[in-house]
Amino acid sequence: VQMAEEIVARQREVRLYIDHADEMLRVAAHTLAQEFCSTAVNRAYYAIFYAANALLATRGLSRGKHSGVIAAFRQYFVKPGPIETEYSRTYGRLMDDRHGADYDLETDVEPEQAAVDVENAHQFVARVRQHLQQEGWL
């Protein structure tokens, strides 16, 4: 019974993370359309961050820092193979782009780069959703 309750709790957590990722994608697209490029990059990154957390939740894992989430994503999902290496690169690049957009006042995010980041975030979340569906989490 306890095991079944734990699985139900994990499924709920996975769903909440994916719902947050979907919301971040919608906000990213909206802010991009309004030419708030830094905000679009920020929201695109958070879509990836929430999707990665959804994956970690399937294993009962959580990390308190952004660096811990990407490291665990790479350790548990990229290195052993269920998620392709390109998604690790996408995650890392968006993490860097978001950091620049949020903290470097000299950074001027170009609309073209923001559009690429938003599209990459859509692809990342779609790939995670596909994996979660294949594994029966969604």
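This passage looks at helix H2 and the helices around it in a predicted model.

The structure is a predicted model, in which local features need pLDDT of at least 70 and side-chain atom pairs count only at pLDDT 80 or more, while totals for chains, interfaces and linings use all residues. Residues are numbered from 1 along each chain as its sequence is written, and side-chain values use heavy atoms, with hydrogens and water left out.

A good place to start is H2, which covers residues 37–58; helices here are DSSP runs (H or I, at least four residues), numbered from the N terminus. At 1.5 Å a residue, its 22 residues should span 32 Å, and the end C-alpha atoms are indeed 32 Å apart; the expected span is 1.5 Å times one less than the number of residues. Of these 22 residues, 18 are buried, so H2 is largely enclosed by the rest of the structure; buried means under 20% relative accessible area, with a 1.4 Å probe and protein chains only. Just after H2, Gly60 takes a positive phi of about 70°.

Two packed helices are described by the angle between their axes and the distance between the axes. Axes are lines fitted to C-alpha atoms, for helices over the stretch in contact, and angles run from 0 to 180 degrees between N-to-C directions. Helix H1 (residues 2–33) packs with H2 at an angle of about 165°, their axes 8 Å apart. H1 and H2 are therefore roughly antiparallel (angles over 145 degrees). By class, their contact has 17 nonpolar, 5 polar and 3 charged residues; Ala, Val, Leu, Ile, Met, Phe, Trp, Tyr, Cys and Pro count as nonpolar, Asp, Glu, Lys and Arg as charged, and the others, Gly among them, as polar.

How do matters stand with H4? The axes of H2 and H4 come within 9 Å and cross at roughly 140°. These two helices are therefore oblique to each other, a word for angles that are not under 35 degrees, over 145 or from 65 to 115. The contact of H2 with H4 has 11 nonpolar, 3 polar and 3 charged residues.

Asn42 offers a closer view of H2. This residue is buried, with a relative accessible area of 11%, and touches Arg98 and Asp102, not counting residues up to four places away in sequence; contact means heavy atoms within 4.5 Å.

H2 also helps to cover the buried residues of H3, together with helix H4 (85–103) and helix H5 (111–134) among others. Those buried residues include Gly68, Phe73 and Val78.

How values were computed. Buried means under 20% relative accessible area, exposed over 50%, partly exposed in between (1.4 Å probe, protein chains only).
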